[in-house]
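Visitor: I'm new to looking at protein models, and I'd like some help reading one. Could you walk me through it, feature by feature?

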Amino acid sequence: MSVTTTTTVLRAEGLSRVYGSGAGEVRALEDVSVEVGAGELVVVVGPSGSGKSTLLHLLGGLDRPTTGTVHLGADPAAQGPGAVERELGGLGEDELHAVRRTEIGFVFQSFGLIPVLSAAENVEVPLRLARVDAAERAARVAEALEAVGLEDHAEQRPYELSGGQQQRVGVARALVARPRVLLADEPTGQLDSTTAARVMALLRDLVHSRGVAAVVATHDPELVAMADRVLVVREGRLVTV
Ligand code: ADP
Ligand code: MG
C-alpha cells in the first residue's frame, strides 16, 4: 500500500557513524539520508552487520552520528518545543531525553519488559516517566492494551505470556505516550513466522491509524510486504531497489 506523505516527521541527512579509530575503525553507516512521513511504515532490510541497528539508534537519538543530522519536523499540534523543527544534534542531554520519552517510541527484539511488573504496569512506565496523572494513566493503559488485543491479560506478568503477547505489550508500551515516531529493531526476531506476521500487521495498522512515522528493521523478507516503503542497507549504505 502506498501512502501520500503530507507531513515529514523524521528527516535524516547524510548520516554516517564510524565506531572506533585507527586500525579498529568500523564504518557502520555511510551517507544515509531518509525522510519518513506521518502514518508511513518504512522497513529497513539488510543482512546482519549491515548497519540497521546503527541507523535506528541515530534516528532515535540513542546515539549521535559522526556526520549528518536528524531532524524532527514541526508538530502542528504541539504547544511547547515540538512546535518548531528540531535537530537532535542541537539538543542537550536533558532535551534529548525528553524527546525520547515523549516523541519517540521504541520496540526491541528482546521485548525489554520488566519481569516483576504486570502487562499493564509495563505499559504504564512511559506515562509515569512523563508524569501523567493516575486517572489518565489508567485510561491510556487500558486503551493501549485494548489496541493490541490484550485487555484480558492486563494483570499477567511477562513470563505468563507467549512471545507474541509479550511483544504486543512492547508495542502498547511504545505507543502509549502517543509518540510521533516509532522505531522497532527486529521486533519479530524472536517470534515464529506466523506470530511475526501477526505482530507486524498489528504494528502496521497502528502506524496507519495513528499517523505515526515508523521505521522497522528486519532481516525477515516476509515482513517486507507490509511496508509502505522499503530501504535496503548493505555495508552501511542505502541501496536503490
Ligand atoms: P545490523 O543491525 O544490521 O546487524 P549494526 O548496525 O548492529 O548492524 O552493525 C553495523 C556494523 O557496525 C557492524 O560491522 C558491527 O559490528 C559494527 N558495530 C555496531 N555497533 C558497534 C559498536 N558499538 N562498536 C563497534 N562496532 C560496532
Ligand atoms: Mg541489528
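Guide: Sure! Keep in mind that this is a predicted model. Let's begin with Arg140, which is buried, with a relative accessible area of 12%.

Visitor: Why is Arg140 called buried?

Guide: The word goes by a cut-off: buried means under 20% relative accessible area. Arg140 has 12%, so it counts as buried. Compare Glu136, which is partly exposed because its relative accessible area is 34%, in between the cut-offs of 20% and 50%.

Visitor: What do the side chains of Arg140 and Glu136 form?

Guide: They meet in a salt bridge, with N to O at 3.1 Å. Both residues sit in helix α4, four residues apart, which is about one turn of the helix.

Visitor: Which residue forms a salt bridge with Arg137?

Guide: That's Glu124, and the closest N and O atoms are 2.6 Å apart. Arg137 belongs to helix α4 (residues 134-147) and Glu124 to helix α3 (residues 119-129), so this pair ties together parts that are 13 residues apart in sequence. Arg137 and Glu124 are buried.

Visitor: Where else should I look for salt bridges?

Guide: Try Arg17 and Asp63, whose side chains meet at 2.8 Å, N to O. This pair links distant parts of the chain: Arg17 is in strand β1, while Asp63 is in the loop between α1 and β4, 46 residues away. Both Arg17 and Asp63 are buried. There's also a network of salt bridges linking Glu25, Arg27, Glu30 and Arg237. The count for the model comes to 16 salt bridges.

Visitor: Now for strands. How many bridges pair β1 with β2?

Guide: First, a general idea: in a regular strand the side chains alternate between the two faces of the sheet. Here, β1 (residues 8-19) and β2 (residues 26-37) pair over eight bridges, in the antiparallel sense. As one example, Ala12 has Val34 in β2 as its bridge partner. Six residues lie between the strands of this hairpin, and Gly20 takes a positive phi near 70 degrees.

Visitor: And how do I read the surroundings of a ligand?

Guide: Start with who is around it. The shell of ligand 1 includes Tyr19, Val26, Pro47 and Thr54. By type, the shell divides into four nonpolar residues, six polar and one charged. Helix α1 gives the largest share, three residues.

Visitor: Which atom of Lys52 lies 2.9 Å from an oxygen atom of ligand 1?

Guide: A polar side-chain atom. With Gly51, a polar backbone atom is 3.1 Å from a ligand oxygen. Taken alone, ligand 1 exposes 560 Å², and the protein buries 58% of that.

How values were computed. Residues are numbered from 1 along each chain as its sequence is written. Chains are lettered from A and ligands numbered from 1 in the order in which they are written. This is a predicted model: local features need pLDDT of at least 70, side-chain atom pairs count only at pLDDT 80 or more; totals for chains, interfaces and linings use all residues. Side-chain values use heavy atoms; hydrogens and water are left out. Two strands pair if DSSP finds at least two bridges between them. Helices (H or I, at least four residues) and strands (E, at least two) are DSSP runs, numbered from the N terminus. A residue is near a molecule or strand if one of its heavy atoms lies within 4 Å of it. A polar contact is a pair of N or O atoms within 3.5 Å; within protein, one must be able to donate a hydrogen and the other to accept it, and residues adjacent in sequence count only if both atoms are side-chain atoms. Accessible areas come from the Shrake-Rupley method with a 1.4 Å probe; for residues, only the protein chains shown count as cover. Ala, Val, Leu, Ile, Met, Phe, Trp, Tyr, Cys and Pro count as nonpolar, Asp, Glu, Lys and Arg as charged, and the others, Gly among them, as polar. A salt bridge is a side-chain nitrogen of Lys or Arg within 4 Å of a carboxyl oxygen of Asp or Glu. Buried means under 20% relative accessible area, exposed over 50%, partly exposed in between (1.4 Å probe, protein chains only).
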